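Hi,

Here's the structure I said I'd pass on. Have a look at it first, and my notes follow below.

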Amino acid sequence: MVPFSFAGETFEATAEGALYWPSPQALLVADLHLEKASWFALAGQFLPPYDSHATLTALAAEAERTGARRLFCLGDSFHDSFGCERLPDSARELLTSLTSSLDWTWIVGNHDPGFADHCGGTIADEVEIGGMILRHEAVRGELRPEISGHFHPKLRVHLRGRQVSRRCFVTSASKIIMPAFGSLTGGLDAHHPEIMSSVGAGAAALVPVSDRLLRFPLAA
């Protein structure tokens, strides 16, 4: 994990796209999109049905590695409101094990509004903790420090004649937009106008690599 400062607090970013907040011992992730493959299967487009188990296995490893006591999922945790009902037994057991061992909060996103069967944990539209706002989608003009997801930012750069794409955290003085943690999620270019207008001036893409945090200024 690579530490950095935001709004007077220390956070630690992981290459997998999670954010650990040592002060409240909280792990933050966004956009798991659990059961995305089964949602596509309902429409006749068949994808390998292992995305939920892969995502939850990675999340369990992050929770163990950080020693987190609390976990916040910043929206679109399921690909649709009924995703939890379709979880395979192995994924459901893993998820319920996590929600029973952690103080777990689901923040509702645009993909999973109104979901009720959530395999444990509590549901919230947004959360304020330590003066920090945790929500799914950034609110333009929000003056309080804010951490959100929704856009799945990725930094794309050309390196030695080929394009390299890496999930990234997009930050400014008052906002962090987190990458998607889910194993079956795409990504929006970090330079996209929707991201830039949401995060505000002075934006940068942060890419955790091994023991370093690479910073790339993003032009408006």
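Overall size first: for 220 residues, a compact globule would have a radius of gyration near 17 Å, and the chain comes out at 17 Å, so the two agree. Bear in mind that this is a predicted model. The C-alpha trace spans about 45 × 40 × 35 Å along its principal axes.

As for the fold, the chain has four helices and 17 strands. Of the contacts between residues at least 6 apart in sequence, 63% link residues at least 24 apart.

Now the inside. Buried residues account for 50% of the 220 in the chain. The largest nonpolar core holds 24 residues, and the ones with the most contacts inside it are Leu-27, Val-29, Leu-59, Leu-71, Leu-95 and Trp-104. At least two residues of this core come from each of β4 (26-29), α2 (51-66), β5 (70-74), α3 (89-101) and β6 (103-107). The largest share, four residues, is from α2.

If you want one residue to click on, try Leu-71: leaving aside residues up to four places away in sequence, Leu-71 touches Leu-27, Val-29, Leu-59, Leu-102, Asp-103, Trp-104 and Thr-105. There's also a second, separate core with 22 residues, among them Val-127, Ile-147, Phe-169 and Met-178.

And the outside: the accessible surface is about 10000 Å², with 53% of that belonging to carbon and sulfur atoms. On charge, I get 18 positive and 25 negative side chains, and the centres of those two sets sit 9 Å apart.

Cheers

How values were computed:
Residues numbered from 1 in each chain as written. Predicted model: local features only at pLDDT ≥ 70, side-chain atom pairs only at ≥ 80, totals over all residues. Heavy atoms only, no water. Core = buried A, V, L, I, M, F, W, Y, C linked by side-chain atoms within 4.5 Å. Buried < 20%, exposed > 50% of the residue type's maximum accessible area, 1.4 Å probe, protein only. Contact = heavy atoms within 4.5 Å. Rg over C-alpha atoms; globule rule 2.2 N^0.38 Å. Areas by Shrake-Rupley, 256 points an atom, 1.4 Å probe, with all protein chains shown as cover. Lys, Arg positive; Asp, Glu negative; His and termini not counted. Charge placed at Lys NZ, Arg CZ, Asp CG, Glu CD.
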